[in-house]
Amino acid sequence: MSGPAKKIERKTKRVLGLFGDFDQAFEVIADIRHYKVPGVTVDDVTLKSPIEHPEIEDVLGERPCHIPKYSFVGAAIGFCFGFIFLASAQANFLAQPQGGKPVITIPSNIVLAYEMLILFGVIATLAGFIWSAKLMRKREGLYDAAVTVDQIGIVIEVTDDTFQPMKDLFKKHKVLEVHEESLT
Amino acid sequence: MPSLLGNVFKGWADYSKANEDGGHHDYEHMYAMSIDLDKCTGCNACSTACYAENNLAWVGEEKFGARQAMNWMRVERYFDEPDVGEGSPDSLERGASFLPMMCQHCNGAPCEPVCPVAATYHTVDGLNAQIYNRCIGSRYCANNCPIRVRNFNFYDNAPTAWPAPMDQGLNPDISVRSKGVMEKCTFCVQRIRGASDKAKREGRELKDGDIVTACQQTCPTSAIQFGDLLDETSEISKAWKRQQVELGKYEQNKENPEMRGYRVYEELNIDTKVLYLERVREV
Amino acid sequence: MSNTKHLTDEQAKDIDENIAWAKINKDVLRSMENPRMGYWVALAFSVCLFGLFIYAEIYQYIYGMGPALLNTSHMWDLYISTFVFWIGMSHSGTLLSAILHLCHADWRKPIYRFAEAMTTFSLMTAGLFPVIHLGRVWNFYWVMPYMSDRGIWPNFRSPLIWDAFAITSYLTSSVLFLYIGMIPDLAICRDNTTGWRKTLYTFLSLGWRGDDAQWRNFRFTYLMIACFLIPLAVSVHSIVAMDFAMAIMPGWHVTTFPPYFVAGALYSGCAAIMTLFVLLRYFLKFEEYMTMPIMDKVCKLTFVIAMVWTYLNLIEFASVWYGHDIPSKEVLMAKATGPYSIFFWGMMVFGSVLPFSLLSQTVRHNMFAIFFVSIFLNVGMFLERWMIVTPTLSLGYHPQAFNVMWPGWVEWAMVGGSFGWFGMLFLIFVKVFPCVSMYEVKEMVYHRKRTTFADVDEMMELHTGVPGPAPKTQETGGS
Amino acid sequence: MSKTKIDRRNFLKVLGLGTAGAAMAGCDMPSYVTSEEGVEKVYSYLAPEEYVIPGIGVWYASTCQQCPQACGVHGRVREGRVLKLEGNPDTATNAGKICQMGQSAIQAHFHPERIQNPTIGGKDATWDDALALIKEKASNASWVTGAVSGHQRVLMDVSREAAGNGRHYAIEAVNTRAWEDASAATLGDANPNLHIDKARAVLTIGADFLGTWGNPVQAMRDYGNFRNAPRGVLMAIEPAMSMTGANADTWVAARPGSEAAVVLGVGHVLMSKHGVSAAGMPSAASAFSAMNPAKVKDLSGVSEAQLNKIADTLMANSPSLVIANASHAAAHAAQVLNLMLGNVGQTITPGASLAAGAMAPVSGSTKDLVGFAMDANAGKIGAAIITGTNPTFLAPKGLDMSAALSKIGFKVAIADFHDETTKSCDVVLPMSSPLESWGTHVPANGAAPGTVHIQQPLMENVYANTRGLGDILLSVAQGAGAEGLDGFEDYYGYLRTAVSAMIGSDMEGDWNKVLQAGFATAASAPTAFKAGGDVALGFSEPASAGTLTLITSARQGMFDGRHANLPWLQEAPDQINKTVWDTCAELHPATAAKLGVKTGDYVSINTANGAISTRVFTYKGIHPDAVNVPMGRGHTDYGTYAENGVNPLTIMDATSGDRSSTELLSSSIAATVTPTGENRYLVRSMDLAEQHGRKLVATITADQFDRNQGGA
């Protein structure tokens, strides 16, 4: 980020602002993005919402998501492992020629490997989700049940001198409630 | 299993080999049968001998009526003869046609690939074997058998079929099947094993005629022949050659129409190993 | 909809776009609590039915498969038909939910949750049948490819093994699909409950906080799994079809079976959705969410699928009829004229004729009519499965084995009992988990409100998924 | 599989799995597992008999007693138990083959319902008491038996003589009596040897030689060769299809009782059309010429075309063979045809008669059944010893057998199973099964001259307190004070002495050779056919066309009912109608349609002697005027396995007409058939009789192939 953010100050407080309407939250973040509050960047912002708001990325900026990679890797492993596993099982189970069929039967193994592909793909996806969505971690404070009902929450970490301007910004955009906690 | 991956490559080698010869391994024997329908009198001796030899349970009228009988070999009786045209509508002009039917030990057996636990498979003797201990009774094999020669133990038949002291007459060479497993004709595998063990003890090769199945042994008209097709000198392989019926072939090339050999359900290409000789009729 | 003028308000009424989001939470959470008498009665009934199932299974375990009256020709009968029936049922939820999700049909949002639940539970029901139909059921695990120190493996050539793999994958995936889609709602429950429920939801919601990062990953995850599920669902039922198509029996060895089965599966699935839709709408008081217009769409979808199914059915008959394979032809003739013909014609009437009633708007907007229609559609589908399995077995190739067989009481008990098992699971589900997706209903009304489009259908087609910065509007959302 | 060192056996060892085959490998311990979970019965062999080699089956020769034909068998003995019977390959009668009844001997042997203790008046008793009682009361006893031969017959005779010459009634419902009488009358030899294999055409009139007539096993073996190149032609004339008819190239349905007329008709055509002469038999010739085809058609419904076809075939394929058992008249006519066609000497050759005539077989008949009933009713029989037959079951109601038996003061039954007859006997002696006891048997038909089959015990008694028939006969004879028997304390001793005398050596080795062979060869003389001589031929008027007639037939399996308690045979489908476990009434579809019944419907069949009710089976292999109920089932006191079915014999008639010429098996009686309205599935091994276009039994017509090559 550019100039103002350069000088490193210890963040001492975390603020949660609750908004009744997504547009207000949107504007808050838009303002932050345009450095209406010096020393605060969008990177410090976390949005909490009852529903998904993909459009927030317009102001929050593109943030990467690696789920498809997980899925792909999982699927690839699933298929290869599936096929090799079956083939080697059959290769070790020779004493059963059946109905004049070969020992290692490609068509049936492909069907099964295909199932394995999907199974592993799904599981890998889930794993990726849990990992990159930081689920199953210890929950930080500053959470309000209202965000699972209908309110939008903006969590932002501030230093002592950016604390007040931040609140003003919230108020300017008709914040409903402001919670704060100190980072120690 | 440490050897697991080690065997993979050999497995692949076998796989490619298997592909060349249609999935068959090197057969040590190829036991086959031939039945002359012109000689079969439909007397049931074969099927009763099978009951005695193979510990087959009788089931009684009710279960037989529910078609849950355990007969490995049955003699079917047909009154029509499509090949010699319709007879008079109000009376038979000829006798009936009898067909001893048992597991044909197909080389392209439809029952084998569908078994989920590989309880039925093809042995190196060319037998279609059923591993009772492995069978879990999914009954897919029987569903896929066009001739319906697989019998399933719908009940625990043993207690009723062999009330003491009848159980003393059981053949110790083979097991008594419990409920929930599939069973079928084995070409009297216990006799095959016995004969080959005997041959081994005497330090010689099996020779034609060493192995006699129970049905063949008792057939009063000697309509049933049994032997090893891989043994060029055996009666059975001569018979098959004479009848110009070849194993593993879909289209048989019969130059001589007088040769009566044929196999049932050839159109299904299941490659059965029981050669039937056509019935002859004077008309 | 274009022709809504002569509809009553109740019929025309879709989800109110200005509904308070808190109300959504309240309604759904309410539906999960203090069950009424009727609920307990239904639950008790299901449990009793399931008890019957258990009894029959024990009986069969002791006496063998004989009392089911299976015989040397009819090695399979109702067990496998019912298995196929439940598998088919399971396709509604996941497949529809996934497909509709991919094509952004937002009307799916209020109804997909219970549909997916149904998928899961009917799979769990279907899974019972391949097991209980085994002659030596205590060895069922032998079909699993576990490493045995004796070096024995299952026979991977057998379609039954494919079944085992497919069903395992499908069950796992659909459970995960259902669960992941539920996480944000579980968080809601977590925030609004106490006691054991609180602990349960806290555990299940994995610490969902609705962060933008979580939502983003959530979106991709849900999308990916949906993508996986569609081919999976198709493959599962094709594999079930292969149990028959891979066999050589006349009437089973049919090339068109896989697509035919998939169509049939979707069909019975939709029918089942309609049934449960009606039930939930009334018993859980979801009139505001499961609205007539949504049912209307489900009906139209069902009709389309029914026609696809009918078509595949007919071309199967045609191909048998024109290909001169005598045994197959005999089986076909026997289906239409033989001892089972009444069931065959029942299947044709319920499966191919009855759906036309869905063309009438009066039916589409009469919940009772729909309830009974959907029931009979599923009866038709059950008969279909039976008519696939049994006539073939009663004829087949070998004249000596031709015979007609009627299922024994054990089989009927198991079939009936399976409904008890399904009902039990579903009833428990609706009281423990939200069977309407709260957050997605919110999304639905949110986006609807913010689009300039009046017509949901057009929106469905034109909606590009991720909306740009939204146009300003006057009224403020929420409360 | 040489590359991968897994063959099936190893594979299964690795798996620790057993198949039918692999079980062999693990079977060296003398044990087997029954399917009662895990219960393993291990028989200890601390002190085994010398013939017990654990794990190894050893074959011993003996003689089958399932029917009067006494085929030689080999029994497989393992761990002291006999497990399976197979034919003795060295005997001329059955040459290594046996029928299903022989196969089932094992089941009869291990049967749980066998009699285990002697009873007096129904209460258990000791052997001594029982024998003492017999000694006391069985003076002048008549013997009622089945067909007997060998030393058992000798002992019966000596004890009869010693006890004052009671009569000997030999009762067999399934017999060759008509043929025997005719042969005796025409050839002077009651049991000539028949060479079906040498014949190029065989015509049978009611003689089911492939099923139950004579020695079917031998006949079937010959039939096998008969079908070899040059292929012979088989023709059958009978009211209802028999196993022989079922294998015939030409099958002709004749109205019951009209068979003789048909044979005469054949003779007529042979003479008139083919100029065959009945030289030296003027009365026969006149009988033939009197029976013109029109008359045949009228009497039997057999058309002229069919007669011509039969006659032509007989002429075209010489030597031929005509066998008849339908009636005495038919049998006589058949033998005359054989003489006319020059078959005598070619396909019919003289038999041989034992030097020791006392051992010669006594063949049974229902004539003796009738005789026994009449004599008993007339109070002529004071005491009777009954063995090997079941007169109460066989006797029609008309004979009033139960009353007859009650008139007999003292009745002894020597039996291995309780049946209708033993029930009414004062003393019942438990007989060991034939596989447990000694005996000698002289086959009535087709044995090599002088052959005496040895019946050797194959294992210890299953039930300790039973005794072999021979032993019992010996004690009875000794009790009756017959001469020359005092030295022997058991039948084995007697038999061994007798056989040694017979083969002219008492050396251990020779005796063992005899036991190994399973038969001994005694001195015998070939019988000579008498030269020519006229034969009077007649025929009986059958019931008029359109009236239903009840006939019965014996099928291999149930036979005359003695095997009804063997589940294997109950479950072995009837060869023709494929019914199991139950009796059915065979009807022609047209007749059934007239009566408005179909297969599976119950009908009640009424004759002058009463009524039976059973289910219908319809097929076209029966004359429209006939209703055929196979005999053998319908026991009332023959154990749990024999309860099913009905017994047609009870309503047959054995007394009508000339008793000397009426055998139950070939008798017929006017009957009315009425549907009862009930219906139940008739349990059969197959419901359909058509091949539905599948290529199952393919047929090739004889002109399509060179019968001299045989295409085999």
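Reader: In strand 31 of chain D, which residue is the bridge partner of R281(B)?

Author: Keep in mind that this is a predicted model. Strand 11 of chain B covers residues 279-281, and strand 31 of chain D covers residues 699-701. The two strands pair in the parallel sense over three bridges. Within strand 31 of chain D, R281(B) has as its bridge partner T701(D).

Reader: Okay, and how many residues does the contact take from chain D?

Author: Both chains chip in here. Chain B gives 111 residues to the contact. On the other side, the number from chain D is 115.

Reader: What is the area buried between chain D and chain B?

Author: People often describe the size of an interface by the accessible area lost when the parts come together. For chain D and chain B, carbon and sulfur atoms give 55% of that buried area. The total comes to about 9,700 Å².

Reader: How many salt bridges does the rule find across the interface of chain D and chain B?

Author: Let's start with a pair of side chains: D173(B) and R76(D) meet at 2.7 Å, N to O. The cut-off is 4 Å, so this pair counts as a salt bridge. Across the interface of chain D and chain B, the count of salt bridges is seven.

Reader: Moving to the open sheet in chain D, which strands are the edge strands?

Author: This sheet has three strands in the order 20-21-22, with antiparallel pairing. An edge strand here pairs on one side only. That picks out strand 20 (439-441) and strand 22 (519-521) of chain D.

Methods. Residues are numbered from 1 along each chain as its sequence is written. Chains are lettered from A and ligands numbered from 1 in the order in which they are written. This is a predicted model: local features need pLDDT of at least 70, side-chain atom pairs count only at pLDDT 80 or more; totals for chains, interfaces and linings use all residues. Side-chain values use heavy atoms; hydrogens and water are left out. Contact means heavy atoms within 4.5 Å. Buried area is the accessible area (1.4 Å probe) that two parts lose on being put together, summed over both. Two strands pair if DSSP finds at least two bridges between them. Helices (H or I, at least four residues) and strands (E, at least two) are DSSP runs, numbered from the N terminus.
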